[in-house]
Amino acid sequence: MSKIVISISTVIILFLSACAQTNAPEYSGATYQEIKTYEIGTVEAVRPVVISDNGTGTFIGALVGAVLGSTVGRGNGNALATLAGGLGGAYVGSQANKANAQELSVKLDNGQDIVVVAKGKQFFVGDRVKIIKEGNRVDQVYRIH
C-alpha cells in the first residue's frame, strides 16, 4: 500500500512541476542579476537540430521507473521488476528529455554572420531576432517586430 502511495505521489509531483513552467524567458538563479548584452539581426537560414539529454531526463526516468517497478512482484521478481523499471525509465527519460531546436544562421545588423541554437520556439527565414548574451554564451533568442 505504501509503495502505491509513493508511486502516486511521485507522478503527481512530476505532473505539477511540469505545469509550473511558462513560456516566459527563464534565467538561471546564478546569473539573473548580471549585465547582459544583445545583438539584433535577421535570420538567413534555419536548420532543425536535436539537443541531447543533459542527464536530467535519464535520472528522473530511472527514479520513476524503479519506484513503479518496485510495486510489481515479490522476492527476486520484485528486485528484477525494480531493475527493469529503472533501466526502462532511464531510457524513456533520456529520449523524452531530448529537445527539438533550430540552428539559426543570423546576419547581425553590424554585418557579422553568426549561428545560434534556439529551442522551444519556431523561427523562419526573414525573422528579425534579438539575441541576449552573457559574454559569449546565448541566454535567449526571440522574435522582434
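The following exchange goes through the fold, the core, the charged pairs and some loop and helix positions of a predicted model.

Colleague: How many helices and strands does the secondary structure of the protein come to, and what pattern do they follow along the sequence?
Modeller: In this predicted model, the secondary structure comes to three helices and five strands. Read along the sequence, these elements follow the pattern α-β-α-α-β-β-β-β.

Colleague: What share of the contacts with a separation of 6 or more joins residues 24 or more positions apart?
Modeller: The chain has 145 residues, of which 27% count as buried, and its accessible surface comes to about 9800 Å², with 60% of that surface belonging to carbon and sulfur atoms. Among the contacts with a separation of 6 or more, the share that falls to residues 24 or more positions apart is 60%.

Colleague: Which strand gives the most to the largest nonpolar core?
Modeller: In soluble globular proteins, nonpolar side chains tend to be buried together. Here the largest nonpolar core has ten residues, namely Val43, Leu104, Val106, Leu108, Val116, Ala118, Phe123, Val129, Ile131 and Val141. At least two residues of this core come from each of strand S2 (99-108), strand S3 (113-119) and strand S4. With three residues, the strand that gives the most to this core is S2.

Colleague: Which residues does Val116 touch, if residues up to four places away in sequence are not counted?
Modeller: Val116 is one of the residues of the largest nonpolar core, and its contacts include the core members Leu104, Val106, Ile131 and Val141. With residues up to four places away in sequence set aside, Val116 touches Gln102, Glu103, Leu104, Val106, Ile131, Val138 and Val141.

Colleague: Is Asp139, which meets Lys36 in a salt bridge, buried or exposed?
Modeller: The side chains of Lys36 and Asp139 meet in a salt bridge, at 3.0 Å from N to O. The pair links distant parts of the chain, since Lys36 is in the loop between helix H1 (2-19) and strand S1 (37-51), whereas Asp139 is in strand S5 (residues 137-144), 103 residues apart. With a relative accessible area of 17%, which lies under the 20% cut-off, Asp139 is buried.

Colleague: Which residues are joined with Asp139 into one network by salt bridges that share partners?
Modeller: Besides its pairing with Lys36, Asp139 forms a salt bridge with Arg137, the closest N and O atoms being 2.6 Å apart. Arg137 counts as partly exposed, because its relative accessibility is 43%. Through salt bridges that share partners, the residues joined with Asp139 into one network are Lys36, Glu134 and Arg137.

Colleague: How many residues apart in sequence are the parts that Glu39 and Lys133 tie together?
Modeller: The structure holds nine salt bridges, one of which is formed by Glu39 and Lys133, with the closest N and O atoms 3.5 Å apart. Glu39 lies in strand S1 and Lys133 in strand S4 (residues 128-134), so the parts that this pair ties together are separated in sequence by 94 residues.

Colleague: The charged end of which residue sits over the ring of Tyr38?
Modeller: The count of aromatic pairs comes to zero, but the ring of Tyr38 has a charged group over it. That charged end is 4.2 Å from the centre of the ring and belongs to Lys130.

Colleague: With which residues is Gln122 in contact, leaving aside its neighbours within four places in sequence?
Modeller: Gln122 is found in the loop between S3 and S4, and with a relative accessible area of 47% this residue is partly exposed. The C-alpha atoms of Gln122 and Arg143 are separated by 9.2 Å, although the two residues are 21 residues apart along the chain. Leaving aside neighbours within four places in sequence, the contacts of Gln122 are Gln102, Asp127 and Arg143.

Colleague: How far apart in space are Val64 and Gly89, C-alpha to C-alpha?
Modeller: Val64 is found in helix H2 (residues 56-69), and this residue is buried, with a relative accessible area of 17%. Val64 and Gly89 are 25 residues apart in sequence, and their distance in space, C-alpha to C-alpha, is 6.6 Å.

Methods:
Residues are numbered from 1 along each chain as its sequence is written. This is a predicted model: local features need pLDDT of at least 70, side-chain atom pairs count only at pLDDT 80 or more; totals for chains, interfaces and linings use all residues. Side-chain values use heavy atoms; hydrogens and water are left out. A salt bridge is a side-chain nitrogen of Lys or Arg within 4 Å of a carboxyl oxygen of Asp or Glu. Helices (H or I, at least four residues) and strands (E, at least two) are DSSP runs, numbered from the N terminus. Buried means under 20% relative accessible area, exposed over 50%, partly exposed in between (1.4 Å probe, protein chains only). Rings of Phe, Tyr and Trp (its six-membered ring) pair if their centres lie within 6.5 Å; planes under 30 degrees apart count as stacked, over 60 as edge-to-face and the rest as tilted. A charge sits over a ring if NZ of Lys or CZ of Arg is within 6 Å of the ring centre and within 35 degrees of the ring normal. A nonpolar core is a set of buried Ala, Val, Leu, Ile, Met, Phe, Trp, Tyr and Cys residues joined through side-chain atoms within 4.5 Å. Contact means heavy atoms within 4.5 Å. Accessible areas come from the Shrake-Rupley method with a 1.4 Å probe; for residues, only the protein chains shown count as cover.
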